[in-house]
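Here is a guided look at one protein chain, meant to be read with the viewer open. Take it a section at a time and turn the structure as you go.

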Amino acid sequence: MSLESLLARWQLDPETGPNFAAWESLPPRPADLHPAPAYLPAPLRDMLRARGIETLYSHQVEAWEAARAGENVAVATGTASGKTLAYNLPVLAALLEEPQARALYLFPTKALAQDQLNTLQSFQSKIVNPQSAIYDGDTPQRDRKPIRERARVILTNPDMLHTGILPHHTNWEAFFRNLRFVVIDEMHTYRGVFGSHVANVLRRLKRVAKFYGANPQFILASATIGNPRQLAEKLIEAPIRLIDRDGSARGPRHFLIYNPPVVDESIGLRKSSVLESVRLSRQLSGDGLQHVVFARSRRSVELLLTYLQGNSEWKMVNGKSSINHSPLTIRGYRSGYLPSQRREIEKGLRDGSVRTVVATNALELGIDIGGLEAALLVGYPGTVASARQQAGRAGRGSAPAAAVLVASANPIDQFLAHHPDYFFGRSPEQALVNPDHLLILLNHLRCAMFELPFQKGETFGNLAVDEFLEFLVANREAHLSQEKYFWMADSYPAANISLRSASPESYVLQTMDDGPRTIGIIDGRSALWMAHPGAVYLHEARQYFVEELDREKKIARLRPFESDYFTEPLQQTTIQALSVQQQETIFDSRQTTLATHAKGWGELQATMQVTGFRKLRWYSRENLGEEPLDLPPADLQTTGYWLSISEETVKRLSADGLWMNAPNDYGPGWARLREAVRARDGYLCQVCGREETVGKQHAVHHKVPFRLFLHNRGATSPEAVREKANDPGNLTTLCAECHQKVEANIRMRSGLAGLAYALGNLAPLSLMCDPGDLGTHIEPVKSGTFPEPTVVLYDLVPAGIGFSQKLFEMHADLLARALELVSECACEDGCPSCVGPGGENGMGGKMETLAILRAVVA
């Protein structure tokens with residue numbers, strides 16, 4: 001079967017066709033070919049000819065000419081457009097012409113370096129071999145000295161350059177003295193905190209190279225982003241020649257947005273995007289089409305993989321016969337897998353033995369996986385640039401390809417499904433970095449001073465740093481002598497600075513069947529919520545029960561496990577304001593003396609703790625119970641933006657019955673009534689029969705929620721409302737576990753919680769960042785931190801990266817967009833696509849949220 005025939009069937013299929021919210025088709029594009037440059041060295045010309053390459057794409061010729069003219073070059077063209085050849089040609093030419101010349105290739109991941117080494121060696125096999133080698137954390141100790149001495153092309157990653165090369169530059173003297181080129185591939189990944197760190201690592205690299213008398217030329221390669229020149233110049237702090245006109249051929253391309261159908265209009269509930277993606281993936285497989293399924297998280301990868309490999313479960317849920325797929329043809333791909341597993345999967349994709357791969361954005365980068373025919377994106381990946389990059393993994397040359405974005409219930413996804421022009425008409429996001437971020441800069445000044453002393457008045461990149469160096473002197477980390485700043489601490493600073501994570505440590509995942517065996521690794525912060533004791537850890541669609549998380553030895557001990565459930569962590573967050581950078585009171589435009597709310601941003605401390613976990617049944621997500629955990633809290637000092645609802649607005653909404661954020665006041669006799677109800681029920685849970693234990697009383701639960709009486713009270717006095725709600729016939733005794741299940745069913749979502757849900761999900765669209773970069777918190781009543789009910793959005797990176805200030809600046813636009821989202825949603829009382837759902841028999845808070853938004857937007 002062909003891709004085109006499947007797309008035609010999808011359009012006609014009543015279960016599929018009506019759910020396509022948008023379908024954009026791009027016609028094929030011919031290649032813009034040019035003869036190879038006349039002055040290309042003969043060995044390179046022969047190498048190209050041996051590979052069947054007689055002509056080059058226009059952007060490859062342009063990159064060659066700019067590099068030969070001595071310019072720093074950034075090539076920003078589409079996926080599979082031949083960027084690798086664009087930077088390899090000028091580098092290999094220089095190595096052929098200058099016998100002592102060296103080159104450094106930087107890739108964001110070890111996997112990509114391994115893949116590009118294979119490509120580079122295939123080029124070099126046709127010419128006199130300038131030896132190339134990978135030098136990273138996996139390089140055996142016995143190989144490191146020979147590589148340093150003999151290799152002319154070193155392939156590594158920023159982390160190894162940061163910790164394993166620059167601090168030991170004296171061992172690399174010949175390499176740095178002859179460093180001619182630095183190649184930075186996948187430049188678009190160097191954004192945010194990671195990019196800000198990498199920009200400082202490059203400052204250190206240029207400083208060390210200058211010390212040895214070298215001034216390397218830079219070639220950068222990037223997927224399509226909104227500001228490739230600005231990002232490249234920010235990273236290397238030098239002028240750039242941008243080459244962004246793509247001359248490669250492209251076959252027909254289809255981009256579809258699929259919005260799963262609504263199955264319950266009253267609560268706006270849609271079919272699961274995960275299960276709909278499984279159905280579409282199986283149809284692609286049934287037609288023999290090799291494809292990739294992109295998921296947003298490591299856990300989602302394992303859920304999808306389990307569903308796709310588990311045919312018996314699928315039959316039970318879907319009620320239809322399905323094609324029998326061998327698990328070996330359907331593989332997962334994400335961080336945490338061992339390198340050998342990844343190489344095996346990549347090889348299987350290239351040779352066709354792996355027909356379906358379920359991946360995180362780890363496969364979004366330019367690893368050679370052959371020509372896939374389709375890509376399924378399970379949920380919007382967070383940016384237009386990432387969506388295009390993932391879609392670009394399907395299709396090679398002139399062959400047709402399709403990408404399907406399966407919208408989740410997330411408000412961003414639903415906003416795009418209802419406004420596809422916003423997606424298709426939007427230019428890719430700008431990649432932002434801030435190398436002068438104080439904490440990041442100070443850390444790299446420490447590293448740079450360890451590598452080489454600073455001369456007084458010396459700049460770091462283009463930045464004057466004497467003031468910061470004096471701070472390190474005052475802090476007794478540096479010493480000023482004869483106009484030079486020397487590092488004086490005993491510590492090795494780079495070892496304690498992670499470029500990617502706030503948690504530099506990692507945990508080994510060790511299974512105990514047939515003796516200890518390592519199956520993967522996980523970073524320290526993720527270990528607390530993915531590999532806590534009692535968790536079901538998923539790896540290559542296999543289930544493992546976490547027996548122990550050894551925080552001292554950094555080992556998670558697992559055992560193979562088969563169950564009908566998976567686990568989800570329960571997390572608790574508290575917020576403390578440390579300082580206010582800006583704050584502004586907003587007044588009603590119609591009554592200019594009436595304050596409706598305030599906005600602000602400043603420094604915060606967020607304390608996060610995993611307090612327990614729930615067990616959820618596969619497919620149905622039925623809650624099978626919760627268990628507590630005793631894990632240490634994690635503190636994050638960062639920046640946050642907040643919106644506080646004024647006392648006047650709260651009074652107006654309360655008078656209209658549209659404010660339900662205050663804690664319930666059950667009345668002065670509640671303690672006596674609670675004791676009487678528990679005694680009446682024999683101190684037994686009225687659902688499961690569990691007895692109370694010493695020191696742990698059961699809960700007394702309102703069958704009809706107390707807030708529902710308040711919501712429907714009309715002119716009834718608070719005392720009469722309490723008397724009616726607290727009627728003993730409306731009260732029952734429940735144990736903690738049963739109480740949680742019942743509360744979930746009748747949950748009453750407040751307007752403030754609905755506002756936080758909408759803002760927290762829309763903010764990444766305005767910021768052009770990943771939803772995982774932001775945390776959300778509500779303070780429903782006056783507290784020591786905030787004097788009024790408040791919604792807080794905060795940066796999930798130490799010291800912040802600038803998102804909070806931007807939210808403060810785009811405050812009015814963010815609120816207007818939230819009002820548009822909630823008011824346009826077709827649900828009756830809140831759903832995952834606007835303010836979040838209430839419980840099955842509770843209230844979603846949509847009316848309250850709309851009232852708050854209308855009050856503050858006015």
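Leaving aside its neighbours within four places in sequence, which residues is V404 in contact with? Keep that in mind for a moment while we get our bearings.

## The chain as a whole

Please remember throughout that this is a predicted model. The protein chain has 858 residues, and buried ones make up 54% of them. Its secondary structure comes to 29 helices and 36 strands. If you take the contacts between residues at least 6 apart in sequence, 73% of them join residues at least 24 apart.

## V404 and the nonpolar cores

Back to the opening question. With the neighbours within four places set aside, V404 is in contact with W10, F20, L256, Y258, L280, A375, L376 and L377. V404 also belongs to the largest nonpolar core, a set of 109 residues, where L363, Y380, V404 and L759 have the most contacts inside the core. Helix 26 (residues 751-767) gives the most to this core, contributing nine residues.

Apart from that core lies another one, of 45 residues. Among its members are L205, V208, I236 and L499.

## Aromatic pairs

Two of the contacts of V404, F20 and Y258, are worth a second look. A search of the whole structure finds 19 aromatic pairs. How far apart are the ring centres of F20 and Y258? The distance is 5.4 Å, and the ring planes stand at 75°, so this pair counts as edge-to-face. F20 sits in strand 1 (residues 20-26) and Y258 in strand 11 (residues 253-258), so the pair ties together parts that are 238 residues apart in sequence. Both F20 and Y258 are buried.

Y105 and F107 make a tilted pair, because their planes are at 55° with the ring centres 6.3 Å apart. These two residues are buried as well. Elsewhere, ring pairs link Y135, W172, F175, F176, F211 and Y212 into a cluster.

## Charges over rings

Two basic side chains are worth finding here. R207 lies over the face of F454, at 3.7 Å from the ring centre. K599 lies over the face of F808, and there the distance to the ring centre is 4.3 Å.

## Helix 7 and its surroundings

Why is helix 7 described as largely enclosed by the rest of the structure? The helix covers residues 158-165, and six of its eight residues are buried, so the rest of the structure largely encloses it. The buried ones are P158, M160, L161, H162, G164 and I165.

What do these buried residues pack against? Two strands take part, strand 5 (102-106) and strand 7 (153-156). The helices involved are helix 6 (141-150), helix 8 (173-177), helix 9 (192-211) and helix 18 (438-451).

## A five-strand sheet

Next, find the open sheet whose five strands run in the order 25-24-28-27-26, with mixed pairing. Strand 25 (517-523) and strand 26 (536-539) stand at the edges with a single partner strand each, so each has one side without a neighbour in the sheet. On average, neighbouring strands of this sheet are turned by 35° against each other, direction ignored.

Strand 26 runs antiparallel to strand 27 (residues 542-550), and four bridges join the two. In this pairing, L538 stands opposite Q543 of strand 27. Helix 12 (residues 298-309) lies across strand 25 and strand 26, and runs at about 75° to strand 26.

## Loop residues to look at

Q482 has a positive phi of about 50° although it is not a glycine. Is Q482 buried or exposed? Its relative accessibility is 75%, and since the cut-off for exposed is over 50%, Q482 counts as exposed. You will find Q482 in the loop between strand 22 (478-481) and strand 23 (484-487).

Y683 is another residue other than glycine with a positive phi, near 55°. Y683 is in the loop between helix 22 and strand 33, and at 31% relative accessibility it counts as partly exposed. G689 is placed in the loop between helix 22 (670-680) and strand 33 (699-702). With 39% relative accessibility, G689 counts as partly exposed. The C-alpha atoms of G689 and T733 are separated by 9.9 Å, while the two residues are 44 residues apart along the chain.

How values were computed. Residues numbered from 1 in each chain as written. Predicted model: local features only at pLDDT ≥ 70, side-chain atom pairs only at ≥ 80, totals over all residues. Heavy atoms only, no water. Buried < 20%, exposed > 50% of the residue type's maximum accessible area, 1.4 Å probe, protein only. Contact = heavy atoms within 4.5 Å. Pairing = 2+ DSSP bridges. Axes fitted to C-alpha atoms, helices over the stretch in contact; angles between N-to-C directions. Core = buried A, V, L, I, M, F, W, Y, C linked by side-chain atoms within 4.5 Å. Phe/Tyr/Trp six-rings, centres within 6.5 Å; stacked < 30°, edge-to-face > 60°. Lys NZ or Arg CZ within 6 Å of the ring centre and 35° of its normal.
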